[in-house]
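The following exercises concern strand pairing, helix packing and nonpolar cores. Please work through each task before reading its solution.

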Amino acid sequence: MTPLAVGPGLARPHRWLCAHPRALDTLVALGVLALILIGAVAGPRMRHQSLGAFFVLLAVLAAASLVLRRDLPRGVLAFNVALTLTELVTNDVGPPRTSIVFGVVVALYTVAARTDRPTTWRVGAATAVLLTGAGMLFALNPWYSQENWGLFAWTGLAAAAGDAVRSRRAYIAAIEERAVRAERTREEEARRRVAEERLRIARELHDVVAHHIALVNVQAGVASHVMDNRPDQAKEALAHVRQASRSALEELRATVGLLRQYGDPAAPTEPAPGLTVLDQLVDGFVRAGMRVRVRAEPPEKLGPLPGSVDLTAYRVVQEALTNVHKHAGPGATAEIRIARVADALEVTVEDDGAGTRTEGPEEAPNGADGSGQPRADGTEPGGGHGLLGMRERVTALRGSCEAGALPEGGFRVRVRLPLQPRRGGDS
């Protein structure tokens, strides 16, 4: 049954009864027995008649059967209906004592509360018609007497009450299920957002750290190689190391600063990098010894770019040049082409593969087969995630990314970024 609000003094007995349903059913059986006996002597027509041992036996059997109403609800109902019919049909001393129907009322309520609505109304209607008809046909009273209609009213009330309790239980269970499902959905959404944020931060950190550390690594190697013979060139290389490390620290500070709490006055306010600072990015690679050609349409033809597209295009060029410098070597020639095609921005970075790699095939962390190039599927041998992160960035903007080796040698990365969000089914 639906739990009810109880006072502090009744809380402990209520909890105990809920935990011991058999004891509760025993109390219900005793209460029904008392109601049957009291109703048998309280009526105006029954005051001058004794109860009789047979009726008391029927009353005790009807009440005792209710102890099993949870285990055998339909069996207990049928048993109580049989006892009630026995009292109505076999009584030839005086008017039948219809209070015996209280056992049927409790049993029918139990059946209605534990089954579905169609079954409840079928069983309830059959019980009401059977008992009322027996009272009208075999009772000594006139067929229209109030006792006969009382049988109909009590059985109908029991079926209606049981169905109402069952509906309320189902309603509460549905509400609890929806609440649990909503809580689970909120938790899954929170975990999804956390995972997406971690992935975004990981991409940003990879783009910042991988680019600058690659330059620092190359310049430090150059400085170590020429330190004894050409100290001036070694100093210049160390100056490039210092500048690249400073830039890496500044971008790393700006990225990590995004994790600070909202309203922190020390949070960074620098804008995200974009194609407007592409010349600075290219200049860093040129100083590292790589030849870079840029073929970009003028800003007025490119038009204003969305911030996400501008940042993604910059990161694509940065990662592609880093891979060229890392795999093809500082002597390679890279070409950057940026153009607006219809409603999309197309960025292409390719190299001729003619440089001298700074790592041998057996030492290169990203060249497991000695080719010195990333795989065309977006991953890099040895565990690199540069092209994979690039693809994720482009896919997030509903763009396309192609990366692969050229037939004549070298490697090409081509990215197409839509400048307007898709409509219809793609939205």
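Two strands pair if DSSP finds at least two bridges between them. Helices (H or I, at least four residues) and strands (E, at least two) are DSSP runs, numbered from the N terminus. The model is a predicted one, in which local features need pLDDT of at least 70 and side-chain atom pairs count only at pLDDT 80 or more, whereas totals for chains, interfaces and linings use all residues. Residues are numbered from 1 along each chain as its sequence is written, and side-chain values use heavy atoms, with hydrogens and water left out.

**Exercise 1.** Determine the partners of strand E5 and the residues that stand opposite one another.

Solution. Begin with strand E3 (residues 344–351), which pairs with strand E5 (residues 411–418) in the antiparallel sense over 8 bridges. Within E5, Arg-414 stands opposite Thr-348. Next, take strand E4 (residues 400–405), which runs antiparallel to E5 and is joined to it by 6 bridges. Here Phe-411 of E5 stands opposite Ala-405, and Val-413 of E5 is the bridge partner of Ala-403. Finally, inspect the hairpin of E4 and E5: 5 residues lie between the strands, and Gly-409 takes a positive phi near 110°.

**Exercise 2.** Establish the strand order of the sheet and identify its edges.

Solution. The open sheet consists of 5 strands in the order E1-E2-E3-E5-E4, with mixed pairing. Strand E1 (291–296) and E4 each have a single partner strand, so one side of each is left without a neighbour in the sheet. From one strand to the next, the twist averages 10°, where axes are lines fitted to C-alpha atoms, for helices over the stretch in contact, and angles run from 0 to 180 degrees between N-to-C directions.

**Exercise 3.** Locate the helices on the sheet and describe the nonpolar cores.

Solution. Helix H9 (residues 278–287) touches E1 and strand E2 (333–341), and its direction makes about 160° with that of E1; contact means heavy atoms within 4.5 Å. H11 lies across E2, E3 and E5, at about 10° to E3. Now consider the cores, each a set of buried (under 20% relative accessible area, 1.4 Å probe, protein chains only) Ala, Val, Leu, Ile, Met, Phe, Trp, Tyr and Cys residues joined through side-chain atoms within 4.5 Å. The largest has 39 residues, and Val-317, Ile-338 and Val-413 are among those with the most contacts inside it. Helix H11 (residues 307–328) supplies the largest share of this core, 9 residues. Apart from it lies another core of 30 residues, including Leu-33 and Phe-55.

Terms used:
Buried < 20%, exposed > 50% of the residue type's maximum accessible area, 1.4 Å probe, protein only.
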